[in-house]
Amino acid sequence: MSTPAAPNPGSAAPLRRLLLNLGPRRAALLAMAVAAPLAALIAAAVLALAHVPTSAWTWPLLGAALPAMLAAPSAVRLLVRLLQEVDDAHAEAERLALIDPLTGVCSRRQFFVFAEAELLRSRRAQVPMSVLVIDIDALRHINDARGHDAGDDVLQRVAQACRSGLRDYDTLARHGGDSFAVLLPQTGTDTAVTIGERVRTAVAELGPVAPAAPVTVTIGAATLESGDAGTVDTLMESAEQALARAQQAGRNRVATQ
Ligand SMILES: Nc1nc2c(ncn2[C@@H]2O[C@H](COP(=O)(O)OP(=O)(O)OP(=O)(O)O)[C@@H](O)[C@H]2O)c(=O)[nH]1
């Protein structure tokens, strides 16, 4: 999935970089701080002209206000554009915090937000919940043999294959460089293993994506039964341990905690 390039504060000119780092609220305050004296100066000059044409203040005020009046439209346009950039940069940063830019699946951070909410829900409803940790086998070899772009392509296609094996209400997330995590709400161990097998088969059926060898994944599954004590972290640890066992047993398989 291609994503629009995010505005990069690091490469912007100093003033723009300063504004991009401000955040929308402080940027709006700064804009007001700049605009207010400008508007006051212009207003004072207009008043001086209208009411006291011969005052000693008239010509100095006009002298100061004239460049400000001439520059005002461009200054306003510039401010509006910079404020828009600040807004866009922050919207993009927020989007990147929620979504993995390479594969388009949920970010790891967002996965944990959903998992914590699901844990509360499953405790209240007294139903189990499960997670899968899906690790791509030998991605390092693919990167080394075919290059990083081929590895990226594998990651994207594996993400699509995983999605095809999941239900609409399961959440697929990028968990690490070469791994994904899946949140399976209201799901016990047997169903978690069935879904894990479906995902594993969908990936195996991709065939040889980049190198001659087909791409496969190894999956660890873990379940928090209703009534179990435990946290999202311990649940994920159990899935990681199951994954390690499946890898030791030869990869391209699903194991439970
Ligand atoms: N192309 C690409 N490679 C990545 C990305 N993130 C991590 N990797 C690569 O994934 C590989 C992970 O290596 P390992 O932890 O040894 O895992 P592996 O080679 O898949 O081996 P096993 O998982 O043990 O089967 C490394 O080569 C990383 O460079 C990414 O976003 N794109």
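**Sheet, ligand shell and core of the predicted model**

Strands β2 and β3, the latter spanning residues 179-184, are paired in the antiparallel sense over 5 bridges. The model examined here is a predicted one. Within this pair of strands, Thr171 is placed opposite Leu183 of β3. The pair belongs to an open sheet of 5 strands, arranged in the order β2-β3-β1-β4-β5 and mixed in its pairing. Because β2 (171-176) and β5 (254-256) each have a single partner strand, they stand at the edges of the sheet, and one side of each is left without a neighbour there. From one strand to the next, the twist averages 25°. Helix α4, formed by residues 108-125, lies across β1, β2 and β3 and runs at about 130° to β2.

The protein chain as a whole contains 8 helices and 5 strands, and its elements follow one another from the N terminus in the order α-α-α-α-β-α-α-β-β-α-β-α-β. Of its 257 residues, 29% are buried. When contacts between residues at least 6 apart in sequence are considered, 67% of them join residues at least 24 apart.

The ligand is surrounded by 16 residues, of which Leu139, Arg140, Gly151, Gly177 and Asp178 come nearest. Classified by side chain, this shell comprises 5 nonpolar, 6 polar and 5 charged residues. Among the elements that contribute to the shell, β1 (129-136), α5 (139-146) and α6 (148-164) supply at least two residues each.

Helix α5 also holds Asn143, a residue that is in contact with His148 and Gly151 when residues up to four places away in sequence are left out of account. Asn143 has 18 C-beta neighbours inside 10 Å and therefore counts as partly exposed, since a buried residue would need 20 or more such neighbours. Asn143 and Leu78, which are separated by 65 residues in sequence, lie 45 Å apart in space from C-alpha to C-alpha.

The largest nonpolar core consists of 43 residues, and those with the most contacts inside it are Val131, Leu132, Val158 and Ile219. For Ile219, once its neighbours within four places in sequence are set aside, the contacts include Leu132, Val133 and Ile134, three residues that fall within the range of β1 (129-136). Ile219 is further in contact with Gly196, Val199, Arg200, Leu243 and Ala246, as well as with Val254, a residue at the start of the edge strand β5 (254-256).

Notes: Residues numbered from 1 in each chain as written. Predicted model: local features only at pLDDT ≥ 70, side-chain atom pairs only at ≥ 80, totals over all residues. Near = placed C-beta within 6 Å. Helix = DSSP H or I, 4+ residues; strand = E, 2+ residues; numbered from the N terminus. Nonpolar A, V, L, I, M, F, W, Y, C, P; charged D, E, K, R; others polar. Pairing = 2+ DSSP bridges. Axes fitted to C-alpha atoms, helices over the stretch in contact; angles between N-to-C directions. Contact = placed C-beta atoms within 7 Å. Buried ≥ 20, exposed ≤ 12 C-beta atoms within 10 Å, placed from the backbone. Core = buried A, V, L, I, M, F, W, Y, C linked by C-beta atoms within 7 Å.
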